[in-house]
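Here is a short briefing on one protein structure, written for a reader who is meeting strands and sheets for the first time. Please look over the sequence and the model before reading on.

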Amino acid sequence: MPSIVVDTGPLYAMADRDDDWHHRVVRFLERWRDELVVPVTVLPEAAYLLAAHLGPEAEMKLVQSVVNGELAVEELTLQDLRRALELLRRYEDARIGFVDATVVAIAERLKISRILTTDRRDFSLVRPRHCKVFELLP
């Protein structure tokens with residue numbers, strides 16, 4: 001089954017009906033059935049944002065979706081951390097951040113070229129090793 005790596009933004013947007021990306025993300029997920037791979041680094045960031053802005057119930061729903069198998073959590077390897085550090089150094093002026101760097105590293109390791117994200121800037125800047133550019137969804 002083809003896979004999509006999921007960044008923090010869509011996880012938040014799904015829960016927040018007032019978010020500018022909410023309807024786009026929900027419509028996208030209603031149509032696509034590909035496996036959604038969430039880097040382990042994305043979960044605490046998304047959980048924090050959900051709890052801080054929408055409350056503990058929203059945070060629990062995210063965790064429940066992982067428990068239910070709706071999201072596949074991908075752990076970091078030492079190789080991923082090395083690549084993330086390389087990306088942080090290479091794109092230091094752009095300040096892509098650790099979480100985005102790990103999203104890229106995991107996508108590269110798993111040879112996934114599609115990223116579900118609301119962050120067009122960072123993922124458009126990065127030149128992945130395994131494909132010409134990332135396909136940014138939705």
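The points below deal with the sheet, then with one of its strands, and then with a surface patch.

This is a predicted model, in which local features need pLDDT of at least 70 and side-chain atom pairs count only at pLDDT 80 or more, while totals for chains, interfaces and linings use all residues. Residues are numbered from 1 along each chain as its sequence is written, and side-chain values use heavy atoms, with hydrogens and water left out.

**The sheet**
- Five strands (DSSP runs of E, at least two residues, numbered from the N terminus) form an open sheet in the order S3-S2-S1-S4-S5, with parallel pairing, where two strands pair if DSSP finds at least two bridges between them.
- The edge strands, each pairing on one side only, are S3 (72-74) and S5 (135-137).

**Strand S1 and its partners**
- S1 (residues 3-6) pairs in the parallel sense with S4 (residues 114-116) over two bridges, and valine 5 has isoleucine 115 in S4 as its bridge partner.
- S1 also pairs in the parallel sense with S2 (residues 35-39) over three bridges, and the bridge partner of serine 3 in S2 is glutamate 35.
- In a regular strand the side chains alternate between the two faces of the sheet.
- Ser3 and Val5 point one way from S1 and Ile4 and Val6 the other way, and all are buried (under 20% relative accessible area, with a 1.4 Å probe and protein chains only).

**A surface patch**
- Leu78, Leu81 and Phe98 make a nonpolar surface patch of about 270 Å², a patch being made of residues with over 30% relative accessible area and no salt bridge, with nonpolar side chains joined within 5 Å.
- Leucine 81 is found in helix H5 (residues 78-90), and leucine 81 has a relative accessible area of 35%.

Notes: Helices (H or I, at least four residues) and strands (E, at least two) are DSSP runs, numbered from the N terminus. Patches are made of residues with over 30% relative accessible area and no salt bridge: like charges are joined within 9 Å, nonpolar side chains (Val, Leu, Ile, Met, Phe, Trp, Tyr) within 5 Å. Accessible areas come from the Shrake-Rupley method with a 1.4 Å probe; for residues, only the protein chains shown count as cover. A salt bridge is a side-chain nitrogen of Lys or Arg within 4 Å of a carboxyl oxygen of Asp or Glu. Buried means under 20% relative accessible area, exposed over 50%, partly exposed in between (1.4 Å probe, protein chains only).
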